[in-house]
Amino acid sequence: MSLAFWRFLVPSALLLTLPVFSVTGLSFSDAFFTATSAISVTGLGVVDTGQHFTTSGKVLLMLLMQIGGLGQMTLSAVLLYMFGVRLSLKQQALAQEALGQDRRVNIKGLVKKIIIFALIAEAIGAAS
């Protein structure tokens, strides 16, 4: 697991131990397992998510699932795009290799397509 995921996991696990995120409290080890499961999108849990977590806790878990689902590369590209950072040719080549593309990658276009696809798929799932 990369350093970026650890930066999300530890604070998220600490948040899940707070009363505002869980109904009856959660040990750090259980919170860490739950946060790791959410960000790796495995769906495992040590408690009943529907009954144990408050709405805030469920939202936090959903955000962790989004981060894991979209992946670190897409999230990084989104952040770079949002802040207007331009990629060097070397960084573009690394992105091209990481995304398994044979030709030059339009990062902005690819990220937009990924996010739009994810939102549409989630909306269809929520509607049914």
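pLDDT is the predictor's confidence in each residue, on a scale from 0 to 100.

**Figure 1. The whole chain, a predicted model built from helices.** Welcome to the overview: what you see here is a predicted model, and its mean pLDDT is 80. Of its residues, 82% reach 70 or more. The protein chain holds six helices and zero strands, so the elements read α-α-α-α-α-α from the N terminus on, by the rule that helices and strands are DSSP runs numbered from that end. Confidence varies along the way: helix α5 (residues 89–98) has the lowest mean, 74, while α2 has the highest, 91.

**Figure 2. Surface and interior of the protein chain.** The chain has 128 residues, and 26% of them count as buried. Its accessible surface comes to about 8,500 Å², and carbon and sulfur atoms account for 66% of that area. How do contacts reach along the sequence? Taking contacts between residues at least 6 apart in sequence, 57% join residues at least 24 apart.

**Figure 3. Helix α2, residues 28–39.** Here is a helix whose length can be checked by simple arithmetic. At 1.5 Å a residue, its 12 residues should span 16 Å, and the end C-alpha atoms are indeed 16 Å apart, so the two values agree. Ala31, Thr34, Ala35, Thr36, Ser37, Ala38 and Ile39 are the buried residues of α2. Just past the helix comes Val41, with a positive phi near 55°.

**Figure 4. The largest nonpolar core.** This core gathers 14 residues. Leu16, Ala35, Leu61 and Leu64 are the members that touch the most others. Helices α1, α2 and α4 each give two or more residues to the core. Look at Ala35 for a sample of the packing: apart from neighbours within four places in sequence, Ala35 is in contact with Leu9, Ser12, Ala13, Leu16 and Leu64.

**Figure 5. A close look at Leu16 in helix α1.** Is Leu16 buried or exposed? Its relative accessible area is 0%, and the cut-off for buried is under 20%, so Leu16 is buried. Beyond residues up to four places away in sequence, Leu16 touches Phe21, Ser22, Leu26, Ala31, Thr34, Ala35, Phe53, Gly57, Leu60 and Leu61. Asp30 is 14 residues from Leu16 along the chain, and their C-alpha atoms are separated by 9.1 Å.

**Figure 6. Ser12, another residue of helix α1.** Ser12 sits in α1, which covers residues 3–16. With a relative accessible area of 6%, Ser12 is under the 20% cut-off and therefore buried. Which residues does Ser12 contact, leaving aside its neighbours within four places in sequence? They are Ala35, Leu60 and Leu64.

**Figure 7. Ile39 in helix α2 and its distance to Phe8.** Ile39 belongs to helix α2. Its relative accessibility is 4%, so Ile39 counts as buried. Although 31 residues separate Ile39 from Phe8 in sequence, the two are 8.6 Å apart in space, C-alpha to C-alpha.

**Figure 8. Val59 in helix α4 and its distance to Phe21.** Val59 lies in α4, a helix running over residues 55–82. Is Val59 buried, exposed or partly exposed? Its relative accessible area is 37%, between the cut-offs of 20% and 50%, so Val59 is partly exposed. Phe21 is 38 residues away from Val59 in sequence, and the C-alpha atoms of the pair are 9.1 Å apart in space.

Technical notes: Residues numbered from 1 in each chain as written. Predicted model: local features only at pLDDT ≥ 70, side-chain atom pairs only at ≥ 80, totals over all residues. Heavy atoms only, no water. Helix = DSSP H or I, 4+ residues; strand = E, 2+ residues; numbered from the N terminus. Buried < 20%, exposed > 50% of the residue type's maximum accessible area, 1.4 Å probe, protein only. Contact = heavy atoms within 4.5 Å. Areas by Shrake-Rupley, 256 points an atom, 1.4 Å probe, with all protein chains shown as cover. Expected span 1.5 Å × (residues − 1). Core = buried A, V, L, I, M, F, W, Y, C linked by side-chain atoms within 4.5 Å.
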